[in-house]
Amino acid sequence: MSKKNIILGIESSCDDTSAAIISNGFILSNIVANQKVHEKYGGVVPELASRAHQQNIIPVVDTAIKEAGITKEELSAICFTQGPGLLGSLLVGSSFAKSFALGIDIPLIAVNHMQGHIMAHFIKEEGTDNRQPKFPFLCLTVSGGHTQIVLVKSVENMTVIGETLDDAAGEAFDKSAKILGLPYPGGPLIDKHGKLGDKHKFIFGKHKVGELNFSYSGIKTSILRVIEKGVEENPNFIEENRDDLCASIQHTIVDILIKKIMKASKELGINEIAIAGGVSANSYLRSRLLELKEKYHKEVYIPKFEYCTDNAAMIAISGYYKFLEGEFVGQSVTPKSRFKL
Ligand code: KG4
Ligand code: ZN
């Protein structure tokens with residue numbers, strides 16, 4: 001493969017420092033450094049995240065360039081996550097990207113993190129069928145900070161048609177896990193224990209939000225109540241029921257997502273359905289989505305695991321499309337902790 005249009009992507013919006021290289025839309029490398037430092041605090045500590053990004057950014061970028069088998073002189077452009085995210089974390093990635101682009105005199109591209117999650121579906125890999133959603137499609141974007149249904153008409157035309165009014169689905173996973181005494185981030189652990197449990201054992205509050213919107217704070221309170229009551233009656237309640245609790249919590253959170261995406265599909269008459277964001281790594285959500293394909297003949301698109309949680313490949317592919325359009329930014333660009341699609 002001839003290496004042309006070589007884009008370096010940098011992601012540092014939360015607690016993962018990542019750098020990736022994409023050439024003509026094909027992935028050459030995607031390096032992610034996770035920050036273990038937050039585990040013992042039960043959530044991301046912004047100050048510690050910024051510091052860890054500062055330590056990781058150079059080795060991560062260096063490894064991405066080496067693993068791609070290129071030199072920095074071959075880069076066509078550098079793109080970075082402009083937001084949304086933690087400001088201190090975003091500042092590290094954006095300052096690095098700006099200096100690097102200036103130093104080697106190539107264009108700079110700013111990317112919206114949520115657009116990046118959706119664009120993960122367009123990353124191409126050598127030797128695979130590279131199946132991609134067809135426009136217009138619906139994307140259920142579910143992460144630690146967001147829960148949205150996005151109508152994607154083109155790479156440049158994305159509209160949020162439904163979203164959470166309070167907590168995000170990932171937050172519901174993580175906060176429930178915390179109640180169960182599981183470490184942060186709890187989503188993957190609920191997934192792991194949930195595989196072994198009975199999803200109908202416990203029933204939590206009903207989801208009452210209309211239209212295509214979501215609400216998870218009531219569900220979280222209901223989970224807390226059930227667990228508090230259980231522990232009151234039996235101090236070993238959590239240990240004895242961990243798998244069933246995880247399966248029931250997971251079923252409750254995912255069922256809401258599936259019902260809403262089906263509602264959107266019916267209302268808009270769109271049968272192309274994609275999922276994106278950290279929670280799309282959830283095995284139960286993935287299996288429920290495949291059911292939509294079998295039972296209702298929807299075309300479903302599920303990203304590879306490594307492109308679900310935060311990664312720079314999704315930023316690099318977004319940057320690649322902006323590069324083709326000449327959508328560059330100047331050196332005065334600043335990160336935005338709140339940044340709508
Ligand atoms: O997209 P992401 O990596 O970061 C944000 O932009 O927020 O998403 C992180 C979220 C966390 O809440 C994490 O618990 C959740 O994704 N997550 C999962 C799974 N893997 C990651 N939730 C449920 N099941 C999983 N397997
Ligand atoms: Zn994310």
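A salt bridge is a side-chain nitrogen of Lys or Arg within 4 Å of a carboxyl oxygen of Asp or Glu. With that meaning in hand, the reader can turn to the structure shown above, which is a predicted model, and in which a search of the whole structure finds 17 salt bridges.

One of these lies in helix α6, which spans residues 217-233. There the side chains of Lys-229 and Glu-233 meet in a salt bridge, with 3.6 Å from N to O, and since the two residues are four apart in the helix, they are separated by about one helical turn. Both ends of this pair are open to the surroundings, for Lys-229 is exposed with a relative accessible area of 53%, and Glu-233 is likewise exposed, with a relative accessible area of 61%.

A second pair of this kind is found in helix α8, which covers residues 283-296. In that helix Glu-291 and Lys-295 are again four residues apart, and are therefore separated by about one helical turn, and their side chains meet in a salt bridge of 3.7 Å, taken from N to O. How exposed are its two members? Lys-295 is exposed, with a relative accessible area of 54%, whereas Glu-291 is partly exposed, with a relative accessible area of 33%. Salt bridges may also share partners, and in this way Asp-167, Glu-171, Lys-175 and Lys-220 are joined into one network.

Helix α8 also takes part in a salt bridge that reaches to another helix. Arg-288 forms a salt bridge with Asp-255, and the closest N and O atoms of the two are 2.8 Å apart. This pair links distant parts of the chain, because Arg-288 belongs to helix α8 while Asp-255 belongs to helix α7 (residues 237-268), 33 residues apart. Are these two residues buried or exposed? Arg-288 has a relative accessible area of 12% and is buried, and Asp-255, with a relative accessible area of 16%, is buried as well.From the helices the reader may pass to the strands, beginning with strand β7, which runs over residues 147-152. Six of the six residues of this strand are buried, so β7 is largely enclosed by the rest of the structure. The side chains of the strand face two ways, in that Thr-147, Ile-149 and Leu-151 point one way from β7, while Gln-148, Val-150 and Val-152 point the other way, and all of them are buried.

Strand β7 has a partner in strand β6 (residues 137-142), to which it is joined by six bridges, the two strands running antiparallel. Within this pairing, Cys-139 has Val-150 of β7 as its bridge partner, and the two strands form a hairpin with four residues between them. Strand β7 is also joined, by five bridges, to strand β8 (residues 158-163), and here too the strands run antiparallel. In this second pairing Ile-149 stands opposite Gly-162 in β8, and a hairpin joins β7 to β8 through five residues.

It remains to consider how the chain is divided. Domain 1 is made of residues 6-128 together with 308-325, and domain 2 of residues 137-305. The centres of the two domains, taken over C-alpha atoms, are separated by 27 Å. Where the domains meet, 18 residues of domain 1 are in contact with 26 residues of domain 2, and the two domains bury about 1800 Å² between them, 70% of it on carbon and sulfur atoms. On the side of domain 1, the residues that lose the most area to domain 2 are Ile-118, His-121 and Cys-308, which together account for 38% of what that side buries.

Charged and polar groups also meet across this boundary. Which residues form the salt bridge between the side chains there? The count between domain 1 and domain 2 is one salt bridge, and the side chains of Lys-304 and Glu-125 meet in a salt bridge of 3.0 Å, from N to O. The count of residue pairs in polar contact between the two domains is six. The elements that give two or more residues to the side of domain 1 that touches domain 2 are α3 (113-119) and α9 (313-325), and the largest share of that side, five residues, comes from α3.

Key
Residues numbered from 1 in each chain as written. Chains lettered and ligands numbered in written order. Predicted model: local features only at pLDDT ≥ 70, side-chain atom pairs only at ≥ 80, totals over all residues. Heavy atoms only, no water. Buried < 20%, exposed > 50% of the residue type's maximum accessible area, 1.4 Å probe, protein only. Pairing = 2+ DSSP bridges. Domains from an automatic or database assignment. Contact = heavy atoms within 4.5 Å. Buried area = accessible area lost by both parts, 1.4 Å probe. Polar contact = N/O pair within 3.5 Å; in protein donor to acceptor, adjacent residues only side chain to side chain.
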